[in-house]
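Trainee: I would like a close look at a single part of this model, followed from its overall setting down to individual side chains. Please state the cut-off behind each term as you use it.

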Amino acid sequence: MPQKAAPAKRPSAPAAPKRPSRPSEVRIIGGEWKRTRLAVADKPGLRPTPDRVRETLFNWLASLAGAGGGELPGWQCVDAFAGTGALGFEAASRGAANVLLCEQDAALAAQLQATKTKLAAEAVRIERGNGVTALERVAAGSLDAVFLDPPFDSTALYEPALRAAARSLRAGGSVYLEAPRRWSDEELAAFGLVGFRYLKAGAVHAHLLQRAADRTA
């Protein structure tokens, strides 16, 4: 007798895409609060700057400050898309005199406030709201450092944030830009900025930018 054909196998359902893993906490690398742990909430788009990148960034900034010991004494800073607050609290830990952390998400802003209270971080101010708007309110030429680390899928934020950051820098000041791609010199020139340092770590493109006028002076 002819054998019956085996029933066709149903195609297996495609595996659900894996979410990129994120650390449950990050640590402040240097300064007064060295090794302090900061919780990383499970929020879409929240992507804390990797430890290695932050360590390199603050080495760059400390070199510009010229104070030794990794310090940023007296610096005026804005962390425009604060998230975990790792960049802003790191700056304050290293002696920055005034650090504004901006965050739109209510739960993240509350977490930042709790960290500020825990650390008794008098130099830190938390503001719930739009980071670009906060930068636009800052007096022109008043900041030593601006940290721009928006969600990678919020591409519309990059240009207005860079424009507002460039306006806010004092002579010798720096913008840290974290993005999913490298920004070219031609793109940065539109904001009066120029690349000073750069590194790539995984999906992160880390840029340290300065005013073009400062680099050509």
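Mentor: Of the contacts in the protein chain between residues at least 6 apart in sequence, 62% connect residues at least 24 apart, a contact being heavy atoms within 4.5 Å. The model is predicted, so local features need pLDDT of at least 70 and side-chain atom pairs count only at pLDDT 80 or more, whereas totals for chains, interfaces and linings use all residues. Residues are numbered from 1 along each chain as its sequence is written, and side-chain values use heavy atoms, with hydrogens and water left out.

The part I select is the open sheet, whose seven strands follow the order β5-β4-β3-β6-β7-β9-β8 with mixed pairing. Its edge strands, β5 (124–128) and β8, each pair on one side only, and the twist from one strand to the next averages 15°. Strands (E, at least two residues) and helices (H or I, at least four) are DSSP runs numbered from the N terminus, and two strands pair if DSSP finds at least two bridges between them.

At the β5 edge, β4 (residues 98–103) and β5 run parallel and are joined by five bridges. One of the partnerships is that of C102 with E127 in β5. Helix α1 (residues 51–65) packs on the sheet, touching β6, β7, β8 and β9, and its direction makes about 150° with that of β8. Helix α3 (residues 106–119) also packs on the sheet, where α3 touches β4 and β5 and its direction makes about 165° with that of β5. For these angles, axes are lines fitted to C-alpha atoms, for helices over the stretch in contact, and angles run from 0 to 180 degrees between N-to-C directions.

E127 also forms a salt bridge with R137, with the closest N and O atoms 2.6 Å apart. A salt bridge here is a side-chain nitrogen of Lys or Arg within 4 Å of a carboxyl oxygen of Asp or Glu. The pair connects β5 to helix α4 across 10 residues. E127 counts as buried at 16% relative accessibility, whereas R137 counts as exposed at 55%; buried means under 20% relative accessible area, exposed over 50%, and partly exposed in between (1.4 Å probe, protein chains only).

Elsewhere in the sheet, D144 forms a salt bridge with R170, the closest N and O atoms being 3.1 Å apart. Because D144 lies in β6 and R170 in β7, the pair ties together parts 26 residues apart in sequence. D144 is buried at 11%, and R170 is partly exposed at 32% relative accessibility.
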